[in-house]
Amino acid sequence: MTAKPKSKESKYAVFLPRTEFPMRGGLPQLEPKLLARWQAMGLWQRLRHASKGRPKFVLHDGPPYANGHIHIGTALNKILKDVVSRSQQMLGKDSNYVPGWDCHGLPVEWQIEQRYRQAGKDKDAVPIVEFRKECRAFAEHWLGVQREEFQRLGCQGDWQNPYTTMSNAAEAAIAGEILRFLMNGGLYRGAMPVLWSVVEKTALAEAEIEYHDHVSDTVDVRFAVTAPSDPALAGAAIVIWTTTPWTLPGNRAIAVDPAGDYVVAADASGRKLVAAEPLLAALAERAGATLTVVHRLKGAAIAGTRCAHPWRGQGYDFEVPVLAADFVTMDQGTGFVHIAPGHGSDDFELGRKHGIASPETVDEEGRFVASVPLFAGKRVYRADGKPGDANPAVIAALEAAGAVVARGKLTHQYPHSWRSKAPLIFRNTPQWFISMTANRLREKALAGIAAVRWVPAGGRNRILGMIQHRPEWVVSRQRAWGVPIALFVDKQTGQPLRDAAINARIVEAFRAEGSDAWYTSPPERFLGPGRNPADYEQVRDIVDVWFESGSTHAFVLEGRADLAWPASLYLEGTDQHRGWFHSSLLESCGTRGVPPYEAVLTHGFTLDGEGRKMSKSLGNVMAPQEICDKFGADILRLWVVSQDYTEDQRISPEIVAGQVEAYRRLRNTLRYILGALDGFAPAERIEPAAMPPLERWVLHRLAELDALVRQACADFAFHTMAGALHGFCASDLSAFYFDIRKDALYCDRPDSIRRRACRTVLEKLYECLTAWLAPLIPFTAEEAHLARHPGEAESVHLRTFPEVPADWRDAALGRRFETLRAFRGAVTGALELERAAKRIGSSLQAHPVVHAGSAYREAAVGMDLAELCIVSGLTLAEGPAPAGAFALPEVAEVAVVPAPAQGKKCERCWQVLPEVGQVHAELCRRCCEAV
């Protein structure tokens with residue numbers, strides 16, 4: 001510290017702090033310079049070299065789509081991953097983070113198609129390899145953009161060697177993984193209803209679907225009973241209610257709840273209708289009719305009844321059986337569900353159980369095929385996602401047949417594509433599936449879930465329910481940009497060709513040339529000698545991108561010597577329980593029998609300050625790039641770690657402003673420490689045993705924080721860590737320790753025990769705080785590190801968390817200082833009133849008399865209470881306090897009687913003491929010795 005006048009009023013030099021660490025961070029300008037510095041010094045390579053032999057910690061990156069700028073949610077995800085990876089590195093592990101990108105699939109392909117539409121081009125007229133080339137270039141561009149944006153956030157990783165799902169090695173590995181399922185019998189082709197996008201002309205995975213309000217036509221339809229299972233049903237008609245009238249050409253059965261209460265009711269004309277009793281009144285209201293109950297019966301008595309299709313005699317001459325089913329509910333409709341096996345998973349399973357075929361009624365464009373009577377060529381949805389002419393045509397045909405009981409409109413949640421935003425349909429179509437029962441896949445996945453650590457713990461139950469009830473895994477897509485399902489089907493038997501030699505040739509070709517080889521090579525290249533290509537169908541479907549990302553563990557964790565399998569951690573948003581966590585679990589359990597991860601951490605979604613989803617239309621979007629440009633990435637990172645990210649987070653300009661203020665407190669703490677350590681030499685250090693109680697208390701707090709920081713890193717509870725560090729800096733240090741010790745630092749002799757003890761503790765504070773803050777705000781921690789260690793090879797990120805001696809911890813001393821701080825708070829409160837009344841200016845002009853209870857008196861033994869309370873003197877009086885003494889409600893046993901300090905003001909330390917003028921005309925004894 002530098003000796004210079006304390007103020008213009010004092011001519012006697014004091015030891016004032018000195019540091020080049022500025023008060024204002026200037027983060028938007030500083031951070032890019034530090035990024036360049038880390039790049040120039042090869043920081044990442046040095047970390048890897050220094051970490052050799054340490055226990056590995058591998059956070060496997062869930063690949064974002066390379067199709068646009070990052071947004072605030074993406075930034076939060078990547079920052080969290082970086083904090084995890086950095087903190088594990090500083091705990092003494094080899095934490096090698098390899099970023100990755102998902103490059104295939106509709107997110108990219110849709111963008112290229114949009115360009116084609118705008119240019120009036122037909123995608124199908126372009127050679128598939130040319131189209132794929134455009135997709136690849138698009139993904140490469142955005143991968144580069146996102147890489148820069150992620151690094152700007154301070155995210156540390158192997159950015160020069162990321163993984164991408166479109167690399168040759170990745171495509172070969174993905175093809176190899178699907179062929180593993182082929183060889184173990186888990187992969188099969190079957191016809192099953194799947195959610196289909198008419199706009200995108202492909203099946204969609206559950207993770208590619210979102211639900212929005214949609215207005216549907218509703219219709220109540222009569223199915224005349226032809227063969228009753230109960231005499232009461234003779235001459236009646238069962239009524240079904242549906243929100244998808246267009247599915248009625250695919251109707252083949254009716255479902256009933258066997259335990260439900262049903263009635264036969266007659267209208268004014270004597271026509272008899274059958275419906276659930278709890279729903280009869282609503283049906284009557286919709287129909288505008290009076291319905292009188294003539295018979296009651298259970299659903300089980302109705303099962304087995306046979307009905308006529310409403311269009312009997314017009315190509316729909318089959319019987320429609322009534323089947324018992326456990327999925328029929330009584331919350332809406334009529335208590336009967338019309339069953340179209342080609343248009344719903346429950347429908348399909350019920351039909352399969354009873355041997356009812358699943359007809360193919362709708363093609364890939366959402367158009368009724370030529371074999372559908374009455375409606376061939378009608379469209380459910382048009383190519384732009386708008387409603388087609390199928391529903392009006394179906395309803396008109398029902399009315400013409402006299403089958404309509406009621407019709408209306410309903411606004412409800414309906415599945416949409418998350419890309420085109422167009423509504424979807426269930427469509428029966430041949431697809432490739434991975435069986436959930438073959439090789440006991442479901443059983444293995446459930447066992448794997450039980451073995452994994454889920455953070456928060458509720459994630460286990462969420463994914464458990466999904467796996468328990470999920471249908472077969474649809475892994476095929478009818479698209480162009482992706483890894484093909486590279487196999488052949490025997491045209492005669494319809495069975496896929498299982499041949500290890502063929503598989504090896506396919507994988508090797510992909511590794512050498514990429515998956516384009518599947519489209520550019522003649523089939524005999526893969527089939528080899530002895531097989532006639534004319535006997536085999538070469539599959540042209542591509543594999544679901546969720547299968548691709550679910551396979552990344554195979555070619556990243558297993559494919560790189562610097563990583564390890566399984567991963568220590570997967571970390572994504574809560575939606576990935578049905579996405580990446582899910583597909584990775586199934587892929588790994590299906591090929592290796594166990595999950596590819598030891599732990600899974602999830603975070604919530606980012607909302608605006610009012611809890612609303614961010615959208616351009618609401619004008620509430622906050623871009624991470626703008627925050628970095630205005631405030632700096634460390635501010636954004638501080639926001640990420642300052643909240644419980646396992647829940648949904650909120651961000652707004654006001655919330656960011658709060659983080660700026662919190663950052664200022666942290667920065668000021670570092671600046672004070674750096675200034676106070678100016679000129680510090682190792683010879684100044686003293687052992688804790690020789691330190692005053694105040695310094696030993698700070699060491700105790702460091703020991704407590706060390707345990708908290710390490711546990712928080714192990715628990716990934718960074719909001720706990722960030723909150724504790726901020727509270728420590730703002731309350732324990734700035735408002736307490738620094739406030740008290742400023743006098744000793746400025747005015748004590750350089751060789752005084754008190755000052756040396758303080759500077760020794762400040763060095764420990766610096767070592768701990770810069771290391772603990774490094775994973776959270778890496779730019780600021782680096783700046784503070786370089787302020788004391790400016791060497792070209794220096795970096796705080798090459799350090800590990802300092803080892804804090806266990807004997808620093810002193811619980812009794814901690815409790816003692818809790819009591820003393822309460823005592824100090826009461827004295828400070830009394831002096832604030834004196835200052836407000838202008839009876840004193842500085843607290844050093846006071847010498848209060850304090851009446852305190854025994855607990856406070858015991859805590860005060862051996863303590864300089866005047867120093868603690870920053871007054872020139874303090875008398876601890878015995879006996880009850882006089883009337884009017886100041887007391888705080890929460891510190892009732894401490895009563896303060898303010899009084900002025902007696903003596904003269906020392907012109908150097910400004911304490912008012914009787915000794916001033918005795919040993920020196922203007923100085924106290926201490927200052928006289930120091931000068």
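This text walks through two sheets, the cysteines, the largest pocket and two single residues of a predicted model.

Start with the sheets. Strands of a sheet pair through backbone hydrogen bonds, in either a parallel or an antiparallel sense. Both senses are represented here, one in each of the two sheets described below.

One open sheet has 4 strands in the order E4-E27-E28-E21, and the pairing is parallel. Strand E4, residues 59–60, and strand E21, residues 453–455, are the edge strands, and each of them pairs on one side only. At the E21 end, the neighbour is strand E28, residues 599–603, and 3 bridges hold the parallel pair E21 and E28. To find this pairing in the model, look at Val455, whose bridge partner in E28 is Leu601.

Another open sheet of 4 strands runs in the order E9-E8-E20-E22, with antiparallel pairing. Its edges are strand E9 (202–203) and strand E22 (473–474); each has a single partner strand, so one side of each lacks a neighbour in the sheet. Between them, strand E8 (residues 187–197) and strand E20 (residues 425–434) run antiparallel and are joined by 10 bridges. Gly190 marks a place in this pairing, with Gln431 of E20 as its bridge partner.

Next come the cysteines. A search of the whole structure for disulfides finds 0. Cys729 is in no disulfide, and the nearest cysteine sulfur to its own, that of Cys768, is 11 Å away. Cys924 is in no disulfide either, although the sulfur of Cys927 is 3.6 Å away. Why does that pair not count? A disulfide needs two cysteine sulfur atoms within 2.5 Å, and the sulfur of Cys927, the nearest to that of Cys924, is 3.6 Å away. As for accessibility, Cys729 counts as buried because its relative accessibility is 2%, under the 20% limit. Cys924 is also buried, with a relative accessible area of 2%.

Now turn to the open space in the model. Rolling a probe the size of a water molecule over the atoms shows where empty space is left. The largest pocket holds about 2,300 Å³ of space. It is lined by 50 residues, and those closest to its centre are His71, Thr74, Trp418, Asp575 and Lys613. Which elements supply the lining? At least two residues each come from helix H3 (72–90), helix H4 (106–119), helix H5 (128–152), strand E10 (209–227), helix H16 (545–550), strand E27 (569–573) and strand E29 (606–608). The largest share, 6 residues, is from H3. Strand E27 also belongs to the parallel sheet above. By residue type, the lining divides into 18 nonpolar, 19 polar and 13 charged residues.

Two single residues complete the tour. Gln151 lies in helix H5, an element that also supplies residues to the pocket lining. Is Gln151 buried or exposed? Its relative accessible area is 16%, so Gln151 is buried. Setting aside residues up to four places away in sequence, Gln151 touches Leu35 and Trp159.

Val931 sits in the segment after helix H29 (925–930). With a relative accessibility of 58%, Val931 counts as exposed. Beyond its neighbours within four places in sequence, Val931 is in contact with Tyr12, Arg908 and Leu923. The C-alpha atom of Val931 is also 9.0 Å from that of Cys747, a residue 184 places away along the chain.

Technical notes. Residues numbered from 1 in each chain as written. Predicted model: local features only at pLDDT ≥ 70, side-chain atom pairs only at ≥ 80, totals over all residues. Heavy atoms only, no water. Pairing = 2+ DSSP bridges. Buried < 20%, exposed > 50% of the residue type's maximum accessible area, 1.4 Å probe, protein only. 1 Å grid on protein atoms, 1.4 Å probe; cavity = no way out; pocket = protein on both sides within 12 Å on 5 of 7 lines; lining within 4 Å. Points joined across faces, edges and corners; volume = space filled by probe spheres on them. Nonpolar A, V, L, I, M, F, W, Y, C, P; charged D, E, K, R; others polar. Contact = heavy atoms within 4.5 Å.
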